[in-house]
Amino acid sequence: MLSMPEYLEQIDATRDERMKWWREARFGIFVHFGLYAQIGRNEWVQTCENIPVSEYEHLAQTFSPKEGCCREWAAMAKKAGAKYMVLTTRHHEGFSLWDSKANPFNSVNYGPHRDIVKEFVEACRENDLKIGFYSSLMDWHHPDGGKCAYDAEARARFTKYIRDLNEELLTQYGKIDILWYDVPEPFQHAEGWDSLARNQYLRSLQPHIIINDRSRIPEDFGTPEEHLTPSERDWEACMTFNGISWGYIDSEQAAPYSYTPQRILGMLQTCCERGGNLLLNFGPMPDGSVPKEVIEPLTKVGEWLKVNGEAVYGKLTKTYGNTNQGNAVSRPTTKGNTVYMWNKIWTPYKGTMSLGGFQTCPKAVTLIDGTPIDFELRGSRIILKNVPEENPDPILHVPLIKIEFDETPKYRFASYFPQLHQGRPSDTEIL
Ligand code: GLC
């Protein structure tokens with residue numbers, strides 16, 4: 001077994017190759033599905049409401065996802081323009097959605113008597129989506145799940161259980177692309193979890209796998225939750241669809257809290273500009289259907305991405321920092337020498353629009369369909385002329401302006417006082 005420094009060095013060395021597809025994919029769909037969907041009060045219902053295990057267990061009898069539900073999820077994800085999907089194979093409630101030997105509390109022994117993980121994997125493959133397995137470390141059902149914190153024998157049993165579960169997941173379903181751990185409680189260090197040994201072993205089973213940062217080892221990528229905060233390393237923002245719950249909650253009541261397609265595009269743009277991915281969640285209904293407040297926005301986002309996807313997929317440049325190219329209602333994503341300006345609001349004023357911060361003259365400026373736009377570099381801004389009065393994006397009214405340069409464009413640093421700085425020799429020489 002490698003020591004921690006050796007292990008970290010080894011995974012660093014293979015990361016670029018392993019994560020190439022992920023870095024270009026940008027958009028994934030998270031699916032939180034479990035017994036809790038039946039109650040509809042968030043996937044933490046068991047602990048938040050102090051429901052005893054013996055009572056909670058009954059939900060396994062009535063859990064009845066319909067045949068083909070995983071296909072519906074995968075078709076939805078594909079239609080939305082997502083490139084990968086991550087399923088909660090077992091959430092904190094401890095119910096495994098697969099034919100597990102290590103955990104008899106599972107969907108083959110109870111409820112539907114089906115291997116949902118297998119169906120999920122097949123559905124992803126049919127739709128050409130990369131496959132992610134969410135795997136909780138915390139377990140509220142296993143008798144050692146809490147006791148392991150202070151009882152050495154319980155710890156030994158529990159860490160073996162966790163290892164066995166993940167071994168099953170990574171040996172029974174062919175190639176799996178992402179292992180997405182969650183909530184490493186009660187242990188505060190990788191040692192408690194035996195994460196170093198387990199992750200090394202799991203990587204030996206799936207050498208191309210990408211692992212997130214929630215097993216108390218930083219591994220491959222960070223996971224900001226419910227916010228889009230960038231970091232130096234690879235990161236993926238995971239977002240609920242409504243700010244209330246990852247698991248299903250009543251559709252009618254969730255709808256007003258749920259994201260519109262424009263909000264989803266806004267998040268995607270922010271992630272792309274800041275060098276991250278977006279993992280957008282939905283919680284299927286108790287019968288496994290995709291909730292209706294999710295279908296329409298995701299469908300629209302997919303339609304938009306079909307036309308505008310070049311601003312999202314592929315090798316983008318992280319530009320977020322002290323430059324401020326664009327304006328307060330238009331933000332960029334950048335690929336090579338091309339900048340795509342996402343116009344959340346279309347703002348012609350007397351036939352012109354203006355984008356601040358640029359110091360390089362473009363080679364060409366067009367709409368996404370190739371319609372040319374007249375332009376001029378004036379000072380540190382691009383003036384666009386004769387722009388159409390009508391918002392040119394019929395799908396979501398978020399049109400892109402494509403700005404091509406001959407070289408990597410130069411930017412002016414953002415400044416609160418543009419007039420004061422005009423005569424200054426260099427943007428960096430501020431006393
Ligand atoms: C959490 C929660 C959880 C959810 C997850 C997604 O930490 O415990 O219910 O699955 O984050 O990121």
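Reader: Which of the 14 residues around the ligand come nearest?

Author: In this predicted model, His32, Glu43, Trp44, His91 and His92 come nearest to the ligand.

Reader: What makes the approach of tryptophan 44 to the ligand a polar contact?

Author: A polar side-chain atom of tryptophan 44 lies 2.9 Å from an oxygen atom of the ligand. The cut-off for a pair of N or O atoms is 3.5 Å, so the pair counts as a polar contact. Histidine 91 also has a polar side-chain atom 2.8 Å from a ligand oxygen. For tyrosine 134 the value is 3.4 Å, again from a polar side-chain atom to an oxygen atom of the ligand, and this is within 3.5 Å, so that pair counts too.

Reader: How much of the ligand does the protein bury?

Author: The ligand taken alone exposes 310 Å², and the protein buries 91% of that.

Reader: How do the residues of the shell around the ligand divide?

Author: Seven are nonpolar, three polar and four charged.

Reader: Why are α13 and α14 called oblique to each other?

Author: The axes of α13 (residues 261-273) and α14 (residues 292-308) cross at roughly 55° and come within 8 Å. Angles of 65 to 115 degrees count as roughly perpendicular and those under 35 as roughly parallel, so roughly 55° falls in the oblique class. The crossing of α13 and α14 is right-handed.

Reader: What makes the bond between glutamate 185 and proline 186 worth a note?

Author: Glutamate 185 and proline 186 are joined by a cis peptide bond, with omega about 15°. Most peptide bonds are trans. Proline 186 sits in the loop between β4 (178-182) and α10 (190-193).

Reader: What is the phi of arginine 26, and where is arginine 26 found?

Author: Arginine 26 has a positive phi of about 70°, although it is not a glycine. Most residues other than glycine have a negative phi. The loop between α2 (20-25) and β1 (27-31) holds arginine 26.

Notes: Residues are numbered from 1 along each chain as its sequence is written. This is a predicted model: local features need pLDDT of at least 70, side-chain atom pairs count only at pLDDT 80 or more; totals for chains, interfaces and linings use all residues. Side-chain values use heavy atoms; hydrogens and water are left out. A residue is near a molecule or strand if one of its heavy atoms lies within 4 Å of it. A polar contact is a pair of N or O atoms within 3.5 Å; within protein, one must be able to donate a hydrogen and the other to accept it, and residues adjacent in sequence count only if both atoms are side-chain atoms. Accessible areas come from the Shrake-Rupley method with a 1.4 Å probe; for residues, only the protein chains shown count as cover. Ala, Val, Leu, Ile, Met, Phe, Trp, Tyr, Cys and Pro count as nonpolar, Asp, Glu, Lys and Arg as charged, and the others, Gly among them, as polar. Axes are lines fitted to C-alpha atoms, for helices over the stretch in contact, and angles run from 0 to 180 degrees between N-to-C directions. Helices (H or I, at least four residues) and strands (E, at least two) are DSSP runs, numbered from the N terminus. A crossing is left-handed if the near helix is turned anticlockwise from the far one by less than a right angle, and right-handed if clockwise.
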